[in-house]
Amino acid sequence: MKDFLKQAEELFPYTQAMRRDFHKHPELGFNEIRTGGIVAKELEALGIEVTKGIGKTGVVGFLEGSKPGPTILLRFDMDALPITEETGAEYSSTNAGVMHACGHDGHTAIGLTVAKILNQQKDELAGNIKFCFQPSEEGTNGEDVGGALMMIRDGVLEGPKVEKTLSLHVWNDKPVGWIHVARGPVMAGAELFIVKLTGKGGHGAAPDTTIDPIVCAAQIVTALQTIVSRNIEPLKPAVVSVTSIHSGTAFNIIPQTAEIWGTIRTFDHEVRKRVLERFEQIVRGMATSMNCEVEITIKQITAPVINNEEVAASVFNSAQALFPATEIASNSYLTMGAEDMGYMQEKADGCYFFIGSANDEKNLNYNHHHPKFDFDEQALIKGVALMSSAASDLLK
Ligand code: NI
């Protein structure tokens, strides 16, 4: 076995320099022009075939192994957030109001280092690797879809067809050294819903001449609570939250319309299907019984990230071989955070794993998306080692 950890340690000065450079020059989703340019240049310098403009600012490097085999995709997100940095680090953002507050600077640097390591071993690879540097993970930023969907639309999973995917996140909720590789669901899928009820407005003193959308909305909110409590298996997580209701203008007017907004979170495809089914039945049924017209809009924000059993088992074994002294977490550590890698993992079997990155002693323990967010760069070494080793193991 190649000593991936040793190589990751030797290349750490490169990974760190790249990470700090990206950190200093953060770019928002679909604006990763400088970042993507550097990524393309670095990959080309290795002799890796590069395609730009996949998903607007996305960059894909294609490494052909010497032996035949499947094509796998390693995904690294590149975008920053609209936050003013307050870390005081020497490599702080020089782009006012924009900051790498989620660690995607680290992911991009990890990706370039992994490309260096695996490129040296292409003679041993039975299959091909697509190094996928994705824009706009954090949202759609004015486009109709986010980075992962846009790259899928532009064919990143085709020609040659991607059979497996790997991706990672540095994770400040846990200390550096903690590594998590789980089978099954890891991040929730999220939906946004809007229910628009139309009744018949009128005088507050003459309710019998109206169709009251407020009473209907109230019944719907109450009835929606039965989805999680009565229709979903108690050991499977699901959330249905009504987060906003708007209706009415005065104390003596029964309004014409009412609008209900909220979100649905699930981890499991079947649970999601069931929640959406019951949601529709309850809302339509209640509206009908109250004589209101109803319009339902449900927009998927992200698909859940669900790790394939087999790919996750392979990554878990790679992690155990790499870090024998570390206990690799494989229990269901679920997070409600959204992540658009779920869309790629819907189409190709994948594993999304977490690399603990906080360090209390160094004060590197702020939450993701906080203006003081920064992580322990030792996590970069672990990320590089595990990603290269896991990819190499999938192409044995
Ligand atoms: Ni992130």
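Strands S1 and S2 of this predicted model form a hairpin in which six residues lie between the two strands. One residue of the turn, Gly 53, has a positive phi of about 75°. The two arms of the hairpin, S1 (residues 49–52) and S2 (residues 59–64), pair in the antiparallel sense over four bridges. One of the pairings can be followed residue by residue: Thr 51 has Val 60 in S2 as its bridge partner.

The hairpin is a good place to start a walk across the sheet. Eight strands make up an open sheet with mixed pairing, and their order is S1-S2-S4-S3-S5-S16-S6-S15. Which strands stand at the edges? These are S1 and S15 (328–329); each has a single partner strand, so one side of each is left without a neighbour in the sheet. As a general reminder, strands of a sheet pair through backbone hydrogen bonds, in either the parallel or the antiparallel sense.

Further along the order comes strand S5 (residues 162–175). Strand S3 (residues 67–77) runs parallel to S5, and five bridges join the two. Here Arg 75 is matched with Ser 167 of S5 as its bridge partner, while Ile 72 stands opposite Lys 164 in S5. S5 also pairs with strand S16 (residues 349–358), again in the parallel sense, over nine bridges. In that pairing, the bridge partner of Leu 168 is Phe 353 of S16.

Helices come next, beginning with those that pack on the sheet. Helix H4 touches S2, S3, S4 (126–134) and S5, and its direction makes about 160° with that of S3. Helix H10 (residues 378–394) packs on the sheet as well, touching S3, S5, S6 (179–180) and S16. The direction of H10 makes about 160° with that of S5.

H4 and S5 meet again at the metal site. Which residues are the protein donors of the nickel ion? They are Cys 102 through SG, His 104 through NE2 and His 169 through NE2, lying 2.2 to 2.3 Å from the ion. Along the sequence, these donor residues follow the spacing C-x1-H-x64-H. His 104 belongs to helix H4 (residues 104–120) and His 169 to strand S5, so this pair ties together parts that are 65 residues apart in sequence.

Two helix pairs complete the picture. In one of them, helix H8 (residues 309–322) and H10 pack at an angle of about 125°, with their axes 9 Å apart. That angle makes H8 oblique to H10, and the crossing of the two is right-handed. H8 contributes Val 311, Ser 314, Val 315, Ser 318, Ala 319 and Leu 322 to the contact, and H10 contributes Ala 385, Leu 386, Ser 389, Ala 390, Asp 393 and Leu 394. Sorted by class, this contact of H8 with H10 has eight nonpolar, three polar and one charged residues.

The other pair is helix H6 (residues 213–231) and helix H7 (residues 269–289), whose axes come within 9 Å and cross at roughly 150°. Is this arrangement roughly parallel or roughly antiparallel? H6 and H7 are roughly antiparallel to each other, because angles over 145 degrees count as such. H6 passes H7 in a right-handed crossing. Among the residues in contact are Cys 216, Ile 220 and Leu 224 of H6, together with Val 275, Phe 279 and Ile 282 of H7. By class, the contact of H6 with H7 has eleven nonpolar, three polar and two charged residues.

Conventions:
Residues numbered from 1 in each chain as written. Predicted model: local features only at pLDDT ≥ 70, side-chain atom pairs only at ≥ 80, totals over all residues. Heavy atoms only, no water. Pairing = 2+ DSSP bridges. Axes fitted to C-alpha atoms, helices over the stretch in contact; angles between N-to-C directions. Parallel < 35°, antiparallel > 145°, perpendicular 65-115°, else oblique. Left-handed = near helix turned anticlockwise from the far one by under 90°. Contact = heavy atoms within 4.5 Å. Nonpolar A, V, L, I, M, F, W, Y, C, P; charged D, E, K, R; others polar. Donors = N, O, S within 2.8 Å, 3.2 Å for Na, K, Ca; no water.
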